[in-house]
2 protein chains.
Amino acid sequence: MNSSPDHEKAQTPPAPGRRSGRRPGTSGTRDAIAAAAREAFAGLGYDRASLRGIAQRAGVDPALVLHFFGSKQQLFASVVQLPFDPETVLPQVLAVGRGAIGESLARFVVGMLETERGRNSLTGIVRAAASEPAAARIVREMVTERIFVPLAEALGTDDAQLRASLVGSQVVGLVMARYVVAVEPLASADPATVIAAIGPTLQRYLVEPLPAVGRPS
Amino acid sequence: MNSSPDHEKAQTPPAPGRRSGRRPGTSGTRDAIAAAAREAFAGLGYDRASLRGIAQRAGVDPALVLHFFGSKQQLFASVVQLPFDPETVLPQVLAVGRGAIGESLARFVVGMLETERGRNSLTGIVRAAASEPAAARIVREMVTERIFVPLAEALGTDDAQLRASLVGSQVVGLVMARYVVAVEPLASADPATVIAAIGPTLQRYLVEPLPAVGRPS
């Protein structure tokens, strides 16, 4: 389903040390490794996810993981991407207008987290950001460049950067509390409850008056 | 300053392999190791903080770390504690009354994070929670049993558990965004700005009407 633009480059994988039972073609193998890696990074965190374990989940030889992705850090950067295209999504989120933007964004975020791929990607990014500088950079870029700042700027509010970082704090905190730390009842609340709970927070952070920003002098 | 109730137990440390220059007595040594461990867990995350590195920061032999604390996991559980006593703090936070409780809690949390010890403890807990189940359990207990649920219950609101987990999501998200991921301008905003920004969020989560809680059936 998610065929990679890179899969043509890797048409002759090296003969693995032992043959695996699962060899659905080069592109299928790469996709299987990517899916296994997303699961491992989301479930175990960056440091505990091992190339050997990822290979085992994917049913391939560990040498194939290195062949396709190079290193654990490159594997992380390749597979733990945003599970959506911001340029497609932002206009949809914004279509409701300023009065309902908080609920619209909450609906998008919570809905994305309800899908297995979205949940694994975002949980993997947030968990890894806690220990791996490269992942922390992905979270910063996600917040500042690709999603929340463009969203805040499209709304024409002042202090778009501060608004975006506040939205980011609530969204990252939601991922931590609902999926990583699993605090009840937030962890098992249905999506509509979560949307109704955090929507007004995002609404305020995005468009309602905020205090003047002070910086330490 | 924070003398441990356990320090009497450890009066005869084993002779270290090489003598360190810094041996300010048993209790001082234990405190120095604890401070170094808090710094390391906060700065590096649980997985990357090593006993050897912690010993080096504290200026002691690695054997002393094991002597005083047993294992890395026990060291973590011993030193990364809440940097305050909830039974003392909660009445102070609550003293302002319901109308200003969000700002009062925000002021306490942000102020705690402005101190080196508080920031290291809380950042260490949140970072470790991303990879270490024992730390995730500390965060869950912190939210559910020791701080936010008692706070929500003292306010007499319905759905204290949901309110507490929402407060926890914003507080954990603030720690991640301001200190771990370091999203600007939140990372360098002055305390008053942060308090004014998240206070109303905590106010709503704690005492304002929330949607009825739905659970997946």
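A polar contact here is a pair of N or O atoms within 3.5 Å, where one must be able to donate a hydrogen and the other to accept it. Keep that in mind for the first close-up; everything shown comes from a predicted model.

**View 1. A:D61 caps the N-terminal end of α3(A).** A side-chain oxygen of A:D61 lies 2.9 Å from the backbone nitrogen of A:A63, inside the 3.5 Å limit for a polar contact. At the other end, just after α3(A), look for A:G70, which takes a positive phi of about 90°.

**View 2. The buried side of α3 in chain A.** Helix α3 of chain A runs over residues 62–69, and A:L64, A:V65, A:F68 and A:F69 are its buried residues to look at here. They share the same side of α3(A), because the arc they cover around the axis is only 105°. That fits the usual geometry: an α-helix has 3.6 residues a turn, so residues three or four places apart point the same way. And what covers these side chains? The cover for the buried residues of α3(A) includes α1 (26–44), α2 (51–58) and α4 (72–79) of chain A.

**View 3. Helix α3 in chain B, from start to finish.** At the start of α3(B), a side-chain oxygen of B:D61 comes to within 2.9 Å of the backbone nitrogen of B:A63. Along the helix (residues 62–69), B:L64, B:V65, B:F68 and B:F69 are buried. These four sit on the same side of α3(B), since they span an arc of only 105° around the axis. Their packing partners are α1 (26–44), α2 (51–58) and α4 (72–79) of chain B. Just past the helix, B:G70 has a positive phi of about 90°.

**View 4. Chain A, pulled back a little for context.** Chain A has eleven helices and zero strands, so the pattern along the sequence is simply α-α-α-α-α-α-α-α-α-α-α. Of its 217 residues, 53% count as buried. Take the contacts in chain A between residues at least 6 apart in sequence: 68% of them join residues at least 24 apart.

**View 5. Cis peptide bonds ahead of A:P185 and B:P185.** In chain A, the bond from A:E184 to A:P185 is cis, with omega near 5°. You'll find A:P185 in the loop between α10 (160–180) and α11 (191–207) of chain A. Over in chain B, B:E184 and B:P185 are joined by a cis peptide bond with omega of about 5°. B:P185 is placed in the loop between α10 and α11 of chain B.

**View 6. Positive phi without glycine: A:D159 and B:A182.** A:D159 isn't a glycine, yet its phi is positive, at about 55°. This residue is in the loop between α9 (148–154) and α10 of chain A. A:D159 counts as partly exposed because its relative accessibility is 35%, which falls between the 20% and 50% cut-offs. In chain B, B:A182 isn't a glycine either, and has a positive phi of about 60°. The loop between α10 and α11 of chain B is where B:A182 sits. With a relative accessible area of 31%, B:A182 is partly exposed.

**View 7. Where chain B meets chain A.** The contact draws on 51 residues from chain B and 50 residues from chain A. Together the two chains bury about 4,100 Å², with 61% of that on carbon and sulfur atoms. How many salt bridges are there between chain B and chain A? The count is zero. There are, however, 15 residue pairs in polar contact across the interface, both residues being at pLDDT 80 or more. On the chain B side, the elements that give two or more residues are α7 (116–129), α8 (133–146), α10 (160–180) and α11 (191–207). Of these, α10(B) gives the most, with twelve residues. By class, the side of chain B that touches chain A holds 31 nonpolar, eleven polar and nine charged residues.

**View 8. B:T201 and the residues it touches.** B:T201 lies in helix α11 of chain B. Is B:T201 buried or exposed? B:T201 counts as buried, because its relative accessibility is 3%, and the cut-off is under 20%. Leaving aside residues up to four places away in sequence, B:T201 touches A:Q170, A:T201, A:R204, A:Y205 and B:Q170.

Methods: Residues are numbered from 1 along each chain as its sequence is written. Chains are lettered from A and ligands numbered from 1 in the order in which they are written. This is a predicted model: local features need pLDDT of at least 70, side-chain atom pairs count only at pLDDT 80 or more; totals for chains, interfaces and linings use all residues. Side-chain values use heavy atoms; hydrogens and water are left out. Contact means heavy atoms within 4.5 Å. Buried area is the accessible area (1.4 Å probe) that two parts lose on being put together, summed over both. A salt bridge is a side-chain nitrogen of Lys or Arg within 4 Å of a carboxyl oxygen of Asp or Glu. Ala, Val, Leu, Ile, Met, Phe, Trp, Tyr, Cys and Pro count as nonpolar, Asp, Glu, Lys and Arg as charged, and the others, Gly among them, as polar. Buried means under 20% relative accessible area, exposed over 50%, partly exposed in between (1.4 Å probe, protein chains only). The arc is that of the directions from the helix axis to the C-beta atoms.
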